[in-house]
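Biologist: I should like a close look at a single part of this chain, set against the chain as a whole. Please begin with the burial of its residues and then turn to the part in question.

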Amino acid sequence: MTKKDIIRKLSSRKFWACVAGFAVSLMAMFSFPESTVTLVTSLITSAGCLVAYILAEGYSDGKNEGNQN
């Protein structure tokens, strides 16, 4: 797997939805309180949005830098 593939996967909304779903399923299986499940889901989705934004901006800045040279 190349660096580009990893970046593409980390910026995928589907990937972060899958991570959140997996975490929620595990917490439900182990009978975590609903408030904890909600907090963890919020944290995962927020992190996913942040990672996707950072990677997209880095990609965009890299493309723009290449066009200026």
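Modeller: In this predicted model, buried residues account for 10% of the 69 residues in the chain. The overall dimensions may be set beside that figure. The radius of gyration is 16 Å, whereas a compact globule of 69 residues would have one near 11 Å. Along the principal axes, the C-alpha atoms fill a box of roughly 55 × 25 × 10 Å.

The secondary structure consists of three helices and zero strands, and the order from the N terminus on is α-α-α. About 5600 Å² of the chain is exposed, and carbon and sulfur atoms supply 65% of that area.

The part that merits the close look is a nonpolar surface patch of about 550 Å². Its makers are Phe22, Leu26, Met29, Phe30 and Phe32. Among these, Phe32 may be placed and classified individually. Phe32 lies in the loop between α2 (13–29) and α3 (34–68). Its relative accessibility is 42%, and Phe32 therefore counts as partly exposed, since that class falls between the limit for buried, under 20%, and the limit for exposed, over 50%. Phe32 thus joins Phe22, Leu26, Met29 and Phe30 in the patch from a position in the loop that follows α2 and precedes α3.

The charges complete the account of the chain. There are 7 positive and 5 negative charges, and the mean positions of the two sets are 10 Å apart.

Technical notes
Residues are numbered from 1 along each chain as its sequence is written. This is a predicted model: local features need pLDDT of at least 70, side-chain atom pairs count only at pLDDT 80 or more; totals for chains, interfaces and linings use all residues. Side-chain values use heavy atoms; hydrogens and water are left out. Patches are made of residues with over 30% relative accessible area and no salt bridge: like charges are joined within 9 Å, nonpolar side chains (Val, Leu, Ile, Met, Phe, Trp, Tyr) within 5 Å. Accessible areas come from the Shrake-Rupley method with a 1.4 Å probe; for residues, only the protein chains shown count as cover. A salt bridge is a side-chain nitrogen of Lys or Arg within 4 Å of a carboxyl oxygen of Asp or Glu. Helices (H or I, at least four residues) and strands (E, at least two) are DSSP runs, numbered from the N terminus. Buried means under 20% relative accessible area, exposed over 50%, partly exposed in between (1.4 Å probe, protein chains only). The radius of gyration is taken over C-alpha atoms; the globule rule is 2.2 Å times the number of residues to the power 0.38. Lys and Arg count as positive and Asp and Glu as negative; His and the chain ends are not counted. The place of a charge is taken as NZ of Lys, CZ of Arg, CG of Asp or CD of Glu.
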